[in-house]
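Hi,

Here is the structure I promised to pass on. Have a look at it first, and then read my notes below.

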Amino acid sequence: EVNTELTTQEVKYVLNELRKEGCLFMMFTGGETFLRKDLFEILDYATDSGFLVTLKTTGSLMTPAHAKRLKEFSLREVHISLLGASAQVHDSVTQKKGSFDKTMAGIQMLLKEGIQVRIKSVVTRGHVPEVLKIQALCKELGLDDITFDSIIFPKSDFNRLPLKYRLTDNELREFYRIVKVENPPEFPYASPDYPIDDLASS
C-alpha cells in the first residue's frame with residue numbers, strides 16, 4: 001500500500017512555499033486531523049510562520065489536554081463535523097457507535113477553553129429534516145456559526161461509495177426550500193454554485 005501522506009518536513013516545505021507566495025489563511029483538514037502524531041508540531045510551525053490557521057476535526061478524539069494545547073496556538077477557528085442532531089442519526093452516518101457523544105464532548109472541551117467553534121454539517125440522503133434540528137441544537141450550545149453543505153465527492157482514490165449519501169433531486173429542492181424560503185436569509189448554507197432560487201421555487 002502506497003503511503004500518500006506528506007511527511008512532517010514535506011508539510012513544512014509546502015507551508016514555506018505558500019508563505020513565499022503571500023498566503024495568509026490556512027486550513028488543516030482530513031480525514032481526521034488528530035490521527036497525525038505531528039499535528040501540534042505542524043500547527044506550531046504554521047502559526048509561528050504567520051498563518052491564520054483553522055483546524056477541522058470530528059472532535060471525537062478531543063481530550064481536555066488537546067483543547068488546552070489548541071488554545072495556545074490562537075487558532076482562527078476549529079471546525080467540527082456534525083452530521084445529525086442525535087446519536088441515532090450522526091452515528092448512522094459515521095458508522096461508529098458513540099461518535100456523536102464523543103463529538104459533543106469535544107465541542108464542550110473547546111468551548112471551555114474559549115476557542116471559536118464553527119459547526120460544519122454535510123446534509124446526507126434521508127436527513128434533510130436534521131438541518132433545523134442541528135441549528136436548534138447549536139443554539140442551545142451558544143453556537144451561531146454553522147455551515148450546511150450538500151456537496152459530497154468521491155474519495156481521493158476515486159472510490160464512489162460516499163456518493164450513495166448524496167441528496168436526491170427532491171431532497172436538494174427541500175434543503176434549499178428550508179434555507180431560502182421558510183427561514184431568514186441569514187440561515188447559513190454552503191454550495192452557492194447551485195441555482196438556489198430556481199431549486200427553491202420549483
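Before the strands, one term: two strands count as paired if DSSP finds at least two bridges between them. Please also keep in mind that this is a predicted model.

With that in hand, strand 4 and strand 5 (residues 146–149) are paired, running parallel, with four bridges. One place to find this pairing is Val122, whose bridge partner in strand 5 is Asp149.

Moving on to strand 4 itself (residues 117–122), you'll see two faces: Val117, Ile119 and Ser121 are on the covered one, while Arg118, Lys120 and Val122 are on the uncovered one. So the Val122 that bridges to Asp149 belongs to the uncovered face.

Strand 4 also pairs with strand 3, again in the parallel sense and over four bridges. Look for Ile80 here, as its bridge partner in strand 4 is Ile119, a residue of the covered face.

How many residues of strand 3 (residues 77–81) are buried? Five of the five, so the strand is largely enclosed by the rest of the structure. Glu77, His79 and Ser81 point one way, Val78 and Ile80 point the other way, and all are buried.

Strand 3 has a parallel pairing with strand 2 as well, over four bridges. In that pairing, Val78 of strand 3 has Leu55 opposite.

Strand 2 (residues 52–57) is also where you'll find Thr57, and I spent some time on this residue. Is Thr57 buried or exposed? Its relative accessible area is 2%, and buried means under 20%, so Thr57 counts as buried. What does its side chain reach? There is a polar contact with the side chain of Glu32 at 2.8 Å, and the backbone nitrogen of Gly59 is reached at 2.9 Å. If you set aside neighbours within four places in sequence, the residues in contact with Thr57 include Glu32, Thr33, Phe34 and Met62. From strand 3, Val78, His79, Ile80 and Ser81 are in contact with Thr57 too.

Last item, away from the strands: Leu6, Tyr13, Val14 and Leu18 make a nonpolar surface patch of about 350 Å². Leu18 sits in helix 1 (residues 8–20) and is partly exposed, with 31% relative accessibility.

If you only have a minute, I'd start with Thr57 and its polar contact to Glu32, then follow the strand pairings from there.

Cheers

Key:
Residues are numbered from 1 along each chain as its sequence is written. This is a predicted model: local features need pLDDT of at least 70, side-chain atom pairs count only at pLDDT 80 or more; totals for chains, interfaces and linings use all residues. Side-chain values use heavy atoms; hydrogens and water are left out. Buried means under 20% relative accessible area, exposed over 50%, partly exposed in between (1.4 Å probe, protein chains only). A polar contact is a pair of N or O atoms within 3.5 Å; within protein, one must be able to donate a hydrogen and the other to accept it, and residues adjacent in sequence count only if both atoms are side-chain atoms. Contact means heavy atoms within 4.5 Å. Patches are made of residues with over 30% relative accessible area and no salt bridge: like charges are joined within 9 Å, nonpolar side chains (Val, Leu, Ile, Met, Phe, Trp, Tyr) within 5 Å. Accessible areas come from the Shrake-Rupley method with a 1.4 Å probe; for residues, only the protein chains shown count as cover. A salt bridge is a side-chain nitrogen of Lys or Arg within 4 Å of a carboxyl oxygen of Asp or Glu.
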